[in-house]
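Colleague: I have a few questions on this one. Can you take me through it?

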Amino acid sequence: MQLITISHLKQIVQHTGLDHFLRQNLADLEAAFGRWNDFHKSPRHATHYPQGVIELMPCADDNFYSFKYVNGHPKNTAQGQLSIIALGMLADASNGFPLMLSEMTLLTAIRTATTTALGAKYLARPNSRHLAMIGTGAQAEFQLQAIRQVLPIERVSFFDTDPEAMKKFSRNMDGLVDLQPCQSIEQAIADSDMIITATAARQHNRLLKPGMIDPGCHIHAMGGDCPGKTELDPALLAECKVVVEYLPQSLAEGEIQLAKQTPVYAELWELVNGSKPGRQDSRELTLFDSVGFALEDFVILQLVYRLARNLGIGEEVELVPSPVDPKDLYRVLVSP
Ligand SMILES: NC(=O)c1ccc[n+]([C@@H]2O[C@H](COP(=O)([O-])OP(=O)(O)OC[C@H]3O[C@@H](n4cnc5c(N)ncnc54)[C@H](O)[C@@H]3O)[C@@H](O)[C@H]2O)c1
């Protein structure tokens with residue numbers, strides 16, 4: 001079985017080039033959402049604690065099975081720890097044998113960002129140049145890098161309640177686009193074509209409210225991804241064309257948990273396979289109420305598995321016994 005550590009993943013991405021890796025992931029993601037009915041799907045299994053959540057996210061088709069272990073502990077950063085860490089596994093569905101165990105904290109950030117980009121491809125105005133980002137924590141740079149693959153972003157205005165997080169974002173993204181640090185959400189979103197909300201707080205926030213958003217804007221709300229954890233005023237949803245990943249999960253975890261009476265226009269796959277149009281005019285307000293779905297993990301694990309094999313990167317580890325006689329498991333333990 002292959003083990004992919006952070007160091008291996010860095011080698012893979014640096015060899016491939018970040019832009020190319022993002023574009024490949026995006027293409028794979030689009031293809032996978034386009035064959036939605038091939039997948040065995042279920043809402044993730046969440047164990048809630050007062051301080052956060054730990055989730056298991058399985059997804060499979062007839063050939064491969066994957067799952068991710070991931071947490072969400074918004075207060076971790078105050079202790080100097082990431083709020084989200086993850087591990088992922090890919091297995092061969094024909095015999096159930098694990099193929100790869102991988103780091104998935106970085107992969108989660110990447111696949112979350114390419115999911116944002118995929119949604120924006122169908123829901124944002126194609127000439128969107130001004131992106132507003134609310135929350136510039138661990139996910140922020142990945143989001144911008146992926147969005148740039150589908151939209152001609154020239155300007156990013158951003159706000160975070162933590163000035164240090166804003167400085168870090170400026171440092172990392174220096175020279176990429178025109179960066180405008182802002183003093184408030186209102187200032188950051190003024191005249192924006194697209195808004196990403198990526199804040200972490202275990203409460204119902206109202207960062208964006210009706211009347212605040214310019215016509216034609218696309219909102220990507222990704223920080224509200226758990227019961228009791230939302231970012232938008234629920235009244236705003238009624239003004240938007242709302243798209244989700246997988247309705248049974250989103251109803252419990254997304255912004256729509258507070259606006260269940262609001263019609264959901266589509267699941268993302270319906271836009272991708274052309275059964276429903278995405279954005280239909282330049283004044284429409286669109287909202288991708290994204291919570292993160294296991295198919296996104298499945299797709300990026302497969303990409304990493306493929307690249308790791310092609311590039312000869314990764315480490316073969318013995319995590320599954322291979323006895324000479326498959327009925328003699330005991331011998332594996334007691335043999336010298
Ligand atoms: N939808 C998905 O697939 C998906 C995937 C990954 C993460 N997430 C969610 O995205 C959010 C961000 O993740 P992260 O890893 O960047 O977290 P993080 O803790 O690294 O960063 C969150 C940032 O939000 C800022 N913030 C909190 N409240 C704010 C407010 N009211 N206004 C402005 N800024 C505020 C914090 O200061 C912090 O810098 C989390 O809620 C996480 O659960 C969703």
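Modeller: First a term: domain bounds come from an automatic or database domain assignment. Also, this is a predicted model, where local features need pLDDT of at least 70, side-chain atom pairs count only at pLDDT 80 or more, and totals for chains, interfaces and linings use all residues. Residues are numbered from 1 along each chain as its sequence is written.

Colleague: Where does the ligand lie relative to domain 1 and domain 2?

Modeller: Between them, because domain 1 (2-107 + 295-334) and domain 2 (125-292) both give residues to the shell around the ligand.

Colleague: How many residues surround the ligand, and which are the closest?

Modeller: 30 surround the ligand, and the closest are Gly135, Gly137, Ala138, Ala165 and Gly292. A residue counts as near if its C-beta atom, placed from the backbone, lies within 6 Å of the molecule. The elements giving two or more residues to that shell are α3 and β11 (204-208). Helices (H or I, at least four residues) and strands (E, at least two) are DSSP runs, numbered from the N terminus.

Colleague: How do the shell residues divide into nonpolar, polar and charged?

Modeller: Twelve are nonpolar, 15 polar and three charged. Ala, Val, Leu, Ile, Met, Phe, Trp, Tyr, Cys and Pro count as nonpolar, Asp, Glu, Lys and Arg as charged, and the others, Gly among them, as polar.

Colleague: New topic. What is the strand order in the open sheet?

Modeller: Eight strands run β9-β8-β7-β10-β12-β16-β14-β15, with parallel pairing. Two strands pair if DSSP finds at least two bridges between them. β9 (178-181) and β15 (266-267) stand at the edges with a single partner strand each, so one side of each has no neighbour in the sheet.

Colleague: How many bridges join β8 and β9?

Modeller: Four, in the parallel sense. Val156 stands opposite Leu179 in β9.

Colleague: Now α4. Why is this helix largely enclosed?

Modeller: Seven of the eight residues of α4 (140-147) are buried, so the rest of the structure largely encloses the helix. Buried means 20 or more other C-beta atoms within 10 Å of a residue's own, exposed 12 or fewer, partly exposed in between; C-beta atoms are placed from the backbone. Among the buried ones are Phe142, Leu144 and Ile147.

Colleague: Which elements do they pack against?

Modeller: α2 (18-34), α3 (105-123), β7 (130-134), β8 (155-159), α5 (163-173) and β10 (194-197). Contact means C-beta atoms, placed from the backbone, within 7 Å.

Colleague: Last one. Where is Asp162?

Modeller: Asp162 is in the loop between β8 and α5. Asp162 is partly exposed, with 13 other C-beta atoms within 10 Å.

Conventions:
Contact = placed C-beta atoms within 7 Å.
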